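Dear colleague,

Please find below the structure that I am handing over to you. My notes on what was found in it follow directly after.

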Amino acid sequence: PQLERAELGFSIHMPDAFPDDQVLALAKKARETGLFAPLAAPVQLGALLARGRDAATFLHGQLTNEVNALQPGQGNRSARVTRAGKLLHLFSLHRLPEEPGGEPGFLALLEPDGVTRLMASLDQYLFSEDVKLHDLSAGYDWLVLQGPYAPAVAERALGPLGKEPWAGLPDEAIRLLAHPRAPVGTLAVAHSLTGDPGYCFAVPNADPAASRAFAAHLAGQAQ
């Protein structure tokens, strides 16, 4: 069975070996006690980066939700539809934190097999705009921390995000983690999979040992 796209912002496919009653029982337990897990095939996230001087204006004209007004670190749920209103892609879109003098960048999170199609769909409308599209899916390992205690666990494991408490992050906010145990470039996304508070962590996997160590650190705090 496939969990509801409108709820998640992207689809998660459960193996057919899991009967519906087991899936529901797992979901119920996750909502009551929380969930920490790495994502691996067939349950995985894809990431499409759009970066460039015209990225905001271009995406604003191609997607269903607000893009121009998004500030660095903000995000929302969005979609791409045909002119007749037929749904093509459903995803979350996040404006990346920017360095001084850097170009605007937006990260779309969706199912991995949809990234190539979304990229091709957007690319056919790119002409002279300063926008580059990149599939970053293979460069990240994903960890999810979900449930009513997720903010407390994140605060204990990673400390506050500067002056921000984890519990105060707006939905779909994205932050660059500056923590000694987090590989450089690790992103935290306030993205719920259960309806309760939750976070998805995009962990660069160029150094597998560092990625595994970070996962082990979070898992230890989530016990």
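**Salt bridges**

A search of the whole structure finds four salt bridges, a salt bridge being a side-chain nitrogen of Lys or Arg within 4 Å of a carboxyl oxygen of Asp or Glu. Please note that the model is predicted: local features need pLDDT of at least 70, side-chain atom pairs count only at pLDDT 80 or more, and totals for chains, interfaces and linings use all residues. Residues are numbered from 1 along each chain as its sequence is written, and side-chain values use heavy atoms, with hydrogens and water left out.

In one salt bridge, the side chains of Arg77 and Glu172 meet at 2.5 Å, N to O. Arg77 belongs to strand β3 (residues 75-81) and Glu172 to the loop between α5 and β8, so the pair ties together parts that are 95 residues apart in sequence. Helices (H or I, at least four residues) and strands (E, at least two) are DSSP runs, numbered from the N terminus.

**The sheet that contains β3**

Strand β3 is part of an open sheet of five strands, in the order β3-β4-β5-β2-β6, with antiparallel pairing; two strands pair if DSSP finds at least two bridges between them. At the edges stand β3 and β6 (132-135), each with a single partner strand, so one side of each is left without a neighbour in the sheet. Neighbouring strands of this sheet are turned by 30° against each other on average, direction ignored; axes are lines fitted to C-alpha atoms, for helices over the stretch in contact, and angles run from 0 to 180 degrees between N-to-C directions. Between β4 and β5 there are four bridges in the antiparallel sense, and Leu93 stands opposite Ala108 in β5.

**The cavity**

Leu93 and Ala108 also help to line the largest cavity, together with residues including Phe91, Phe106 and Leu118. A cavity is a set of points, on a 1 Å grid over the protein atoms alone, where a 1.4 Å probe fits but cannot get out; lining residues have an atom within 4 Å of a point. The structure holds one cavity of 30 Å³ or more, and the volume of the largest is about 60 Å³, taken as the space filled by probe spheres set on the points, which are joined across faces, edges and corners. At least two lining residues come from each of β2 (46-51), β4 (87-95), β5 (105-110) and α4 (112-123). The lining has ten nonpolar, no polar and no charged residues; Ala, Val, Leu, Ile, Met, Phe, Trp, Tyr, Cys and Pro count as nonpolar, Asp, Glu, Lys and Arg as charged, and the others, Gly among them, as polar.

**The sheet that contains β8**

Five strands form an open sheet in the order β1-β7-β10-β9-β8, with antiparallel pairing. Here β1 (35-39) and β8 (174-176) are the edge strands, each with a single partner, so one side of each is left without a neighbour in the sheet. Strands β7 (residues 140-146) and β10 (residues 198-204) pair over seven bridges in the antiparallel sense, and Leu143 stands opposite Phe201 in β10. Helix α5 (residues 150-158) packs on the sheet, touching β7 and β10, where contact means heavy atoms within 4.5 Å. The direction of α5 makes about 40° with that of β10.

Yours sincerely

Notes. On a 1 Å grid over the protein atoms alone, a cavity is a set of points where a 1.4 Å probe fits but cannot get out, and a pocket is an open set with protein on both sides within 12 Å along at least five of seven lines; lining residues have an atom within 4 Å of a point.
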